[in-house]
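Open the model in your viewer and keep the sequence panel beside it. Each stop below says what to select and what is there.

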Amino acid sequence: MVSIPSRMGKAVAVARLWLLVTAVAVSSSPFVNAHLMLQRLSTTTSSKFLTQKEFWFPQTLDHFSPYNRNKFQQRYFEFLDHFRLPDGPIFLKICGEGTCNGIANDYLTVLAKKFGAAIVSLEHRYYGKSSPFKSLTTNNLRYLSSKQALFDLAAFRQYYQDSLNLKLNKKGENMWFFFGVSYPGALSAWFRLKFPHLTCGSLASSAVVLAVYNFTEFDQQVGESAGPKCKAALQETNRLVEQRFVTNKKEVKALFGAAEMEIDGDFFYFLADAAVMAFQYGNPDRLCSPLVEAKNAGNDLVDAYAKYVKDYFIGSFGTNVKTYNQKHLKNTTPGGDSADRLWWFQVCTEVAYFQVSPANDSIRSSKVDTKYHLDLCKNVFGEGIYPDVAATNIYYGGTRIAGSKIFFTNGLQDPWRHASKQESSPDMPSFLITCHNCGHGTDLRGCPQSPLNIEGDAHNCTSPDAVQKVRQQLVEKIDLWLSECSQPKTGRQYV
């Protein structure tokens with residue numbers, strides 16, 4: 001079994017000293033961009049990140065071409081305070097469809113302490129500061145895919161292991177374990193599937209491993225998570241909005257702070273997503289309480305929903321309305337909000353996840369249909385762009401993924417769980433965390449998830465015991481799977 005460090009104080013001191021040495025060594029390494037930047041953390045945000053210090057390494061642009069040798073600079077982060085030198089495990093936390101600003105201080109911190117692990121995190125190609133191009137035209141996005149991203153992780157893992165061996169003057173390999181939530185959760189599962197020799201195991205938290213063309217189960221789960229009273233209030237609100245929209249759409253859009261939206265489908269998608277976020281990220285009462293109260297009191301449901309959208313979805317949660325505006329999605333200049341365009345490209349080429357309204361008993365407007373999504377893909381990226389979900393599911397297996405040593409978790413209220421693997425098998429256990437506000441990535445993030453809970457604190461979950469039971473199962477599996485990694489003289493074999 002994996003031993004837990006008994007002299008943590010000394011190990012931390014050594015690791016911190018090594019961290020300083022590493023910063024100097026890496027900056028002068030021929031493998032890393034010399035222009036390193038240390039982002040100063042304010043006192044209000046420092047506790048939310050373990051580190052925001054950036055490192056870089058040259059990544060291959062096209063892993064599938066025998067002729068294209070072009071490279072781009074890819075950003076990564078490392079946190080070594082709990083690392084048990086020299087043979088402690090390395091936890092790789094996968095960044096996904098957005099800027100990776102550092103290593104968040106969630107439950108992975110607790111796991112790193114327990115196992116004496118280093119934490120490293122690689123920014124996804126194209127996102128944040130890891131863009132290969134100065135223009136995000138459709139043609140330039142041809143190297144943006146989950147397949148390329150998996151090879152990025154494999155190449156980075158090898159680079160980091162070699163660098164570690166060089167710095168510590170050692171041979172062999174440390175034990176690696178991969179972690180991811182949502183799309184990164186799928187990448188974590190797919191990495192173990194495609195590169196089982198490079199990791200002892202994976203946590204696939206809320207992992208959307210199934211590409212879905214018409215994802216009607218998503219909307220159905222929103223209704224189930226809302227409960228009968230809240231669901232009825234949401235459906236009535238949607239009907240009232242659509243009625244007013246016919247006579248004065250400008251006024252209705254302005255009421256929700258979305259006057260800039262020109263395409264009606266964008267507006268209704270925005271309204272539907274506003275409700276989703278309450279359940280997905282563990283804040284159902286922020287939505288349901290005022291809506292049910294307004295309905296019971298005979299008050300204006302549209303006004304009540306508009307207040308929720310502006311106060312929570314835009315205000316507290318921090319959503320930018322232009323995220324849903326196709327005019328914004330056409331912007332090809334890399335920047336802080338490029339993730340919207342980039343993720344839609346992945347949606348429109350690989351995974352779909354089209355959150356369409358079911359034929360009956362829908363929460364969202366019927367305007368959010370398959371045609372709306374396909375028209376968006378065509379309008380934003382041009383002719384011939386559509387998601388080949390069959391090819392994606394053939395390549396990875398969907399929910400029939402034939403991997404091993406992958407730990408799946410999902411939150412009861414999370415609508416994305418219907419694109420995840422929810423059936424358990426001996427080598428791929430799957431757990432459903434059951435509570436009133438258990439949503440996306442609850443095992444690592446706790447409840448609710450905005451703002452971030454330090455070290456994944458779960459005491460605000462309506463059933464902390466349910467979260468803790470799954471976390472304990474995860475600890476036991478990490479311990480077991482790390483211990484099962486053999487280390488022959490020829491190098492560690494992960495099976």
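Select Ser 206 to begin; this residue of the predicted model has a relative accessibility of 1% and therefore counts as buried. Ser 206 sits in the loop between strand E8 (202-205) and strand E9 (212-214). Its backbone is worth a look: phi of Ser 206 is near 45 degrees, a positive value in a residue other than glycine.

Next, select Asn 169. Asn 169 is not a glycine either, yet it has a positive phi of about 55 degrees. The loop that holds Asn 169 runs between helix H3 (146-168) and strand E7 (176-181). Is Asn 169 buried or exposed? With 73% relative accessibility, Asn 169 counts as exposed, while Ser 206 counts as buried at 1%.

Move to helix H2, residues 107-115. The buried residues to pick out in H2 are Tyr 107, Leu 108, Thr 109, Leu 111, Ala 112 and Phe 115. For reading such a pattern, recall that an α-helix has 3.6 residues a turn, so residues three or four places apart point the same way. Just after H2 comes Gly 116, with a positive phi of about 65 degrees.

Two cis peptide bonds come next. Select Leu 85 and Pro 86: the peptide bond from Leu 85 to Pro 86 is cis, and its omega is near -10 degrees. Pro 86 belongs to the loop between strand E3 (71-79) and strand E4 (90-94). Then go to Cys 447 and Pro 448, where the peptide bond is again cis, this time with omega near -25 degrees. Pro 448 is in the loop between helix H14 (442-445) and helix H15 (464-483).

Now show the cysteine side chains. How many disulfides does the structure hold? There are six. A disulfide is a covalent bond between the sulfur atoms of two cysteines. With the bonded cysteines counted along the chain, the pairing reads 1-2, 3-12, 4-5, 6-7, 8-9, 10-11.

One of the disulfides joins Cys 95 and Cys 100, with the sulfur atoms 2.0 Å apart. Cys 95 has a relative accessible area of 12% and is buried. Cys 100 counts as buried too, at 3% relative accessibility. The cut-off for buried is under 20%.

Select Cys 230 and Cys 288 for another disulfide, with an S to S distance of 2.1 Å. The angle about its S-S bond is -80 degrees, and the link is left-handed. Cys 230 is in helix H5 and Cys 288 in helix H8, so to follow this link you go between distant parts of the chain, 58 residues apart. Both cysteines, Cys 230 and Cys 288, are buried.

Stay here and show the two helices in full: H5 covers residues 216-247 and H8 covers residues 284-297. Their axes come within 9 Å and cross at roughly 70 degrees. Angles from 65 to 115 degrees count as roughly perpendicular, and H5 and H8 are therefore roughly perpendicular to each other. The crossing of H5 and H8 is left-handed. To see the contact, select Ala 226, Lys 229, Cys 230, Ala 233, Leu 234, Glu 236 and Thr 237 on the H5 side. On the H8 side, select Leu 287, Cys 288, Leu 291, Val 292 and Lys 295. Coloured by class, this contact shows eight nonpolar, one polar and three charged residues.

The last stop is the pair Cys 348 and Cys 377, joined by a disulfide with S to S 2.1 Å. This link is left-handed, with -80 degrees about the S-S bond. Cys 348 lies in helix H11 (residues 339-351) and Cys 377 in helix H12 (residues 370-381), so the disulfide ties together parts that are 29 residues apart in sequence. Cys 348 is buried, at a relative accessible area of 0%, and Cys 377 is buried, at 0%.

Which way do H11 and H12 run relative to each other? Their axes come within 10 Å and cross at roughly 125 degrees, and the two helices are therefore oblique to each other. The crossing of H11 and H12 is left-handed. Select Arg 341, Trp 344, Phe 345 and Cys 348 in H11, which meet His 373, Leu 376, Cys 377, Val 380 and Phe 381 in H12. By class, the contact of H11 with H12 has seven nonpolar, one polar and one charged residue.

Technical notes
Residues numbered from 1 in each chain as written. Predicted model: local features only at pLDDT ≥ 70, side-chain atom pairs only at ≥ 80, totals over all residues. Heavy atoms only, no water. Axes fitted to C-alpha atoms, helices over the stretch in contact; angles between N-to-C directions. Helix = DSSP H or I, 4+ residues; strand = E, 2+ residues; numbered from the N terminus. Parallel < 35°, antiparallel > 145°, perpendicular 65-115°, else oblique. Left-handed = near helix turned anticlockwise from the far one by under 90°. Contact = heavy atoms within 4.5 Å. Nonpolar A, V, L, I, M, F, W, Y, C, P; charged D, E, K, R; others polar. Disulfide = S-S within 2.5 Å. Buried < 20%, exposed > 50% of the residue type's maximum accessible area, 1.4 Å probe, protein only.
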